[in-house]
Amino acid sequence: MSSRLLLTSGEPAGIGPDLCVLLAGRLLPYSITVLGDPALLESRARLLGVSLELRQVAPGDVVPPHEPGVLHVQPTRRRAGTVPGTLDAANAAYVLETIAEGARACLARHYDALVTAPVQKSVINDAGVAFTGHTEFIAEITGGWPVMMLATEGLRVALVTTHLPLAEVSRAITGERLTRTLKVLHHDMAYCFGLPRPRILVCGLNPHAGEGGHLGGEEITVIEPVLARLRQEGMDLTGPLPADTLFLPRNLARADVVLAMYHDQGLPVLKYAGFGRAVNITLGLPIIRTSVDHGTALDLAGTGRIDTGSLEEAVRVAAEMAEARRGVKA
Ligand SMILES: NC(=O)c1ccc[n+]([C@@H]2O[C@H](COP(=O)([O-])OP(=O)(O)OC[C@H]3O[C@@H](n4cnc5c(N)ncnc54)[C@H](O)[C@@H]3O)[C@@H](O)[C@H]2O)c1
Ligand SMILES: N[C@H](C(=O)O)[C@H](O)COP(=O)(O)O
């Protein structure tokens, strides 16, 4: 059975609809349904000069394997029209509706995995809804302890804290958060990626991993005790290591995944290594969710000058994870 993937089309003014339209032209061995506004997808296809037949479906309908040029759409209506590149807070509710509906449809097992096109966090907040990202929003619906991990060839980076102002990071790195994050990471590396005893490199928080407590104390008071405890439970953990040299190839060669303490400690390295080919995976959820490694690229919406590589990777990884969960490859 081919994996049944549900793809949310993201911020209407961004490149999400373009990505969906361009993906529809590819030969893909999965069944793909897009959650979004059919009128938006039609108009973006026209703008890009792509010929596309839309077929509307309802949750639970059987969608056949993908046929290039045909897109199955589970319709959700925007609240306002869209000019590519121009954000409109009136459509924030529509964007959230697609994500929420997608998460619920996967929970109900109508689909095997959710793949999300990028959203603009700022415009959702401008509309009055506190929103930090899909990762946190989806977990509120599905439950679970979400762990953001981005992966590209030769490198996986997971995060202890995600969309948090830097000023709040230190306080958020508690023993409980670190322990839960490591347990999810350890479990899902085995469950989803066939690595029963993953080798995890853990970053320190402070420069030079705190320099023995002279440049910050979190390594000594929080990180080292947690790692020591979890090593006793059988985890293969190295660290806390100074983040500036942790990512040297000789260190990565002996690791399956890196755990960074905060967003911009880990993701710049990952995106430098693989932007456009990387995938964002939410571990720790009862559903499979992947996404692209890039944002809404408002400057490129409607131009056709976009790289679909990360979306293709997000779709491929989602299908692979779904297969692993079905036991086909596990
Ligand atoms: N998965 C997601 O929903 C997701 C991921 C990252 C960022 N974002 C959000 O996107 C918004 C814009 O973020 P940003 O400007 O920091 O990053 P961005 O990724 O949108 O843009 C960074 C640069 O990369 C280019 N770019 C991005 N995607 C591209 C593609 N597919 N092909 C070619 N070029 C591409 C852009 O034109 C821009 O020059 C923010 O609100 C951010 O939070 C969402
Ligand atoms: N942190 C992600 C990145 O930099 O690519 C991005 O903001 C998306 O996060 P969500 O998947 O939580 O929306």
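In this predicted model, His 208 sits in the loop that joins strand S8 (199-203) to helix H8 (218-232). The residue counts as partly exposed because 16 other C-beta atoms lie within 10 Å. Beyond the residues within four places in sequence, His 208 is in contact with Leu 215 and Pro 242. The loop between S8 and H8 also holds Ala 209 and Glu 211. Ala 209 has a positive phi of about 50 degrees although it is not a glycine, and Glu 211 likewise has a positive phi of about 50 degrees without being a glycine. Most residues other than glycine have a negative phi, and most peptide bonds are trans. Ala 209 is buried, because 25 other C-beta atoms fall within 10 Å, whereas Glu 211 is partly exposed, with 13 other C-beta atoms within 10 Å. Another backbone feature is found at Pro 240, a residue of strand S9 (residues 236-241): the peptide bond from Gly 239 to Pro 240 is cis, with omega near 0 degrees.

The annotation in UniProt brings His 208 together with two other histidines. An unreviewed entry there places the feature "binding site" at His 163, His 208 and His 263. These positions span 101 residues in sequence and their farthest two C-alpha atoms are 23.4 Å apart, so they do not all gather at one spot. His 163 lies in the loop between strand S7 (155-159) and helix H6 (169-172). With 15 other C-beta atoms within 10 Å, His 163 is partly exposed. Leaving aside residues within four places in sequence, the contacts of His 163 are Thr 132, Gly 133, Glu 136 and His 263. One of these partners, His 263, is therefore another of the three annotated histidines.

A further "binding site" feature in the unreviewed UniProt entry covers His 134, Thr 135, Lys 271, Asn 280 and Arg 289. His 134 is located in helix H5 (residues 134-142), and Thr 135 is found in H5 as well. Are these two residues buried or exposed? His 134 counts as buried because it has 25 C-beta neighbours inside 10 Å, and Thr 135 is buried with 23 other C-beta atoms within 10 Å. Apart from neighbours within four places in sequence, His 134 is in contact with Ile 99, Thr 116, Val 119 and Ser 291. On the same basis, Thr 135 touches Pro 146, Met 148, Thr 162 and Thr 282.

Residues from both annotations recur around ligand 2. The surrounding residues are Gly 133, His 134, Thr 135, His 263, Leu 267, Asn 280, Ser 291 and Asp 293. Helices H5 and H11 (263-274) each supply at least two residues of this shell. By class, the shell around ligand 2 divides into 1 nonpolar, 6 polar and 1 charged residue. Turning to ligand 1, 18 residues surround the molecule, the closest being Pro 118, His 294, Gly 295, Ala 297 and Asp 307. Helix H4 (121-126) and strand S12 (289-292) each provide at least two residues of the shell around ligand 1. That shell contains 7 nonpolar, 8 polar and 3 charged residues.

Helix H11, which contributes to the shell around ligand 2, deserves a description of its own. H11 has 12 residues and reaches 16 Å from its first C-alpha to its last, close to the 16 Å expected at 1.5 Å a residue. Which residues of H11 are buried? They are Gln 265, Gly 266, Leu 267, Leu 270 and Gly 274. Viewed down the axis of H11, the buried residues fall within an arc of 160 degrees, so they line one face of the helix. An α-helix has 3.6 residues a turn, so residues three or four places apart point the same way. The face of H11 turned away from the buried side carries the exposed residues Asp 264 and Tyr 272. The cover over the buried residues of H11 includes strand S6 (147-152), S7, S8, helix H9 (243-246) and strand S10 (257-260). After H11 comes Gly 276, whose phi is positive, near 95 degrees.

Technical notes: Residues are numbered from 1 along each chain as its sequence is written. Chains are lettered from A and ligands numbered from 1 in the order in which they are written. This is a predicted model: local features need pLDDT of at least 70, side-chain atom pairs count only at pLDDT 80 or more; totals for chains, interfaces and linings use all residues. UniProt positions are given in the numbering used here, feature names are shortened, and annotations may be inferred rather than shown by experiment. Helices (H or I, at least four residues) and strands (E, at least two) are DSSP runs, numbered from the N terminus. A residue is buried if 20 or more other C-beta atoms lie within 10 Å of its own, exposed if 12 or fewer, and partly exposed in between; C-beta atoms are placed from the backbone. Two residues are in contact if their C-beta atoms, placed from the backbone, lie within 7 Å. A residue is near a molecule or strand if its C-beta atom, placed from the backbone, lies within 6 Å of it. Ala, Val, Leu, Ile, Met, Phe, Trp, Tyr, Cys and Pro count as nonpolar, Asp, Glu, Lys and Arg as charged, and the others, Gly among them, as polar. The expected span of a helix is 1.5 Å times one less than its number of residues. The arc is that of the directions from the helix axis to the C-beta atoms.
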